Amino acid sequence: FSASSDVLAYSVGQSDRRLAWFDREGRSLGGVGEPGPFVQVTLSPDGRRAIVIRESSLWILDLERGGIASRLTPDGYRTADAAWSPDGREIAMSARLSTTFDLYRLTLAAGAEPELVLSSEKNLWLNQWLAADNRLSFHDGFMIGLVPMEGSHEPQEIVRQKGRLDETYRSPDGKWLAFIADETGRFEVYVERLDTKERLRVSSEGGGQPRWRSDGRELFFLSSDAHVMAVDFDPELGARGVARSLFEVPVAAVLPQVGQWDVHPDGERFLFLVPAGEERTIHVVLNWRRLLEEDGSR
């Protein structure tokens, strides 16, 4: 199963997935590495390595050496989200040692121990390590915050709303924030200009997992009907035109809040977690934490 914020996904049957590259037309460019019970994937800034979550532990894969994998997290850490440092030498992650998911940093040196960055009574979900000001972007389901990686680690709130939000990613120039929110009753993709608070909805029929091209001129996301979508983007004016479909997503079901893919820095290739065999039937439960609390109170 996979749990992220208020979405729980579980399935019955074959669970292994493999990493596979696709071009902008949806043509397969080949697989990488051995299949495994992978949940999320995140490419390094140069696109040469990837970190994956495998049964709640964090692994690094060398994509240029056949996907050779090495485990990063020590025993006891249950990992939910991870992000690369801008220079590719460290990893930040949302991980749980006891009751809540907190934010940690971890060097890639052998035997390194995670260093706590920020803890809270609420679960903190990591999305991004920002290059411009060396801060982590995170959220708690309703608030998006930033925390410096050096000094006192004092967090700063930048966006708050009544509805749920997730998958928060700053544009490369730092002016825009892409995220998903359920203002319409289902998750849609939005962008918000941080200085003016101007907000634009990008998806039209549901969407999730937004990702920027490295130059900020294009924003990608997965639609609820399982297509890779792309929209041209102007750093000053925002989204230009409507989102267009590039190709059908090679996964059984799109989970808006789970990182089933990532975009190569050149915007020409996409790395997906695809079924390694007969895929499981995936069941998605919304607001599972609230349902669990209600059941426990009976």
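Here are a few worked exercises on the predicted model shown above.

**Exercise 1: Get your bearings**

Task: Find how many helices and strands the chain has, and what share of its residues count as buried.

Solution:
- Start with the secondary structure: the chain has 1 helix and 27 strands.
- Next, burial: 54% of the 298 residues count as buried.
- Then look at the surface, which comes to about 13400 Å², with 47% of that belonging to carbon and sulfur atoms.
- Last, check how far contacts reach: among those between residues at least 6 apart in sequence, 43% join residues at least 24 apart.

**Exercise 2: Classify a ring pair**

Task: Work out whether the rings of Phe101 and Trp125 are stacked, edge-to-face or tilted, and say which strands they sit in.

Solution:
- A ring pair is described by how far apart the centres are and by the angle of the planes.
- The cut-off for pairing is centres within 6.5 Å, and by this rule the model has 12 aromatic pairs.
- For Phe101 and Trp125 the centres are 5.0 Å apart and the planes are at 35 degrees, so this pair is tilted.
- Now place the two rings: Phe101 belongs to strand E11 (residues 101-107) and Trp125 to strand E13 (residues 125-130), so the pair ties together parts that are 24 residues apart in sequence.
- Check burial too, where the cut-off is under 20% relative accessible area. Phe101 has 8% relative accessibility, so Phe101 is buried. Trp125 has a relative accessible area of 2%, so Trp125 is buried as well.

**Exercise 3: Hunt for charges over rings**

Task: Find which ring lies under Arg54 and which one under the charged end of Arg269.

Solution:
- Arg54 lies over the face of Trp59, 5.6 Å from the ring centre.
- Arg269 has its charged end over the ring of Trp21, at 4.8 Å from the centre.

**Exercise 4: Take the largest nonpolar core apart**

Task: Name the residues that touch the most other members of the largest nonpolar core, and trace which strands supply it.

Solution:
- In soluble globular proteins, nonpolar side chains tend to be buried together.
- Here the largest core has 17 residues, and the ones touching the most other members are Val228, Val249, Trp261, Phe270 and Phe272.
- At least two core residues come from each of strands E3 (17-23), E22 (218-223), E23 (227-234), E24 (238-248), E25 (261-263) and E26 (269-275).
- E26 gives the largest share, 3 residues.
- Apart from this core there's another one of 15 residues, including Ala178, Phe187, Val202 and Val231.
- Back to the aromatics: ring pairs link Phe22, Phe220, Phe247, Trp261, Phe270 and Phe272 into a cluster.
- Zoom in on Phe270: not counting residues up to four places away in sequence, its contacts include Phe22, Phe220, Phe247 and Trp261.

**Exercise 5: Compare two loop residues**

Task: Decide whether Val249 and Glu64 are buried or exposed.

Solution:
- Val249 lies in the loop between E24 and E25. Its relative accessibility is 6%, so Val249 counts as buried.
- Leaving aside neighbours within four places in sequence, Val249 is in contact with Leu222, Ala226, His227, Val228, Val254 and Phe272.
- From Val249 to Asp225, 24 residues away in sequence, the C-alpha distance is 8.7 Å.
- Glu64 lies in the loop between strand E7 (57-62) and strand E8 (68-71). With 58% relative accessibility, Glu64 counts as exposed.
- The C-alpha atoms of Glu64 and Gly47 are 9.5 Å apart, and the two residues are 17 apart along the chain.

Terms used: Residues are numbered from 1 along each chain as its sequence is written. This is a predicted model: local features need pLDDT of at least 70, side-chain atom pairs count only at pLDDT 80 or more; totals for chains, interfaces and linings use all residues. Side-chain values use heavy atoms; hydrogens and water are left out. Rings of Phe, Tyr and Trp (its six-membered ring) pair if their centres lie within 6.5 Å; planes under 30 degrees apart count as stacked, over 60 as edge-to-face and the rest as tilted. Helices (H or I, at least four residues) and strands (E, at least two) are DSSP runs, numbered from the N terminus. Buried means under 20% relative accessible area, exposed over 50%, partly exposed in between (1.4 Å probe, protein chains only). A charge sits over a ring if NZ of Lys or CZ of Arg is within 6 Å of the ring centre and within 35 degrees of the ring normal. A nonpolar core is a set of buried Ala, Val, Leu, Ile, Met, Phe, Trp, Tyr and Cys residues joined through side-chain atoms within 4.5 Å. Contact means heavy atoms within 4.5 Å. Accessible areas come from the Shrake-Rupley method with a 1.4 Å probe; for residues, only the protein chains shown count as cover.
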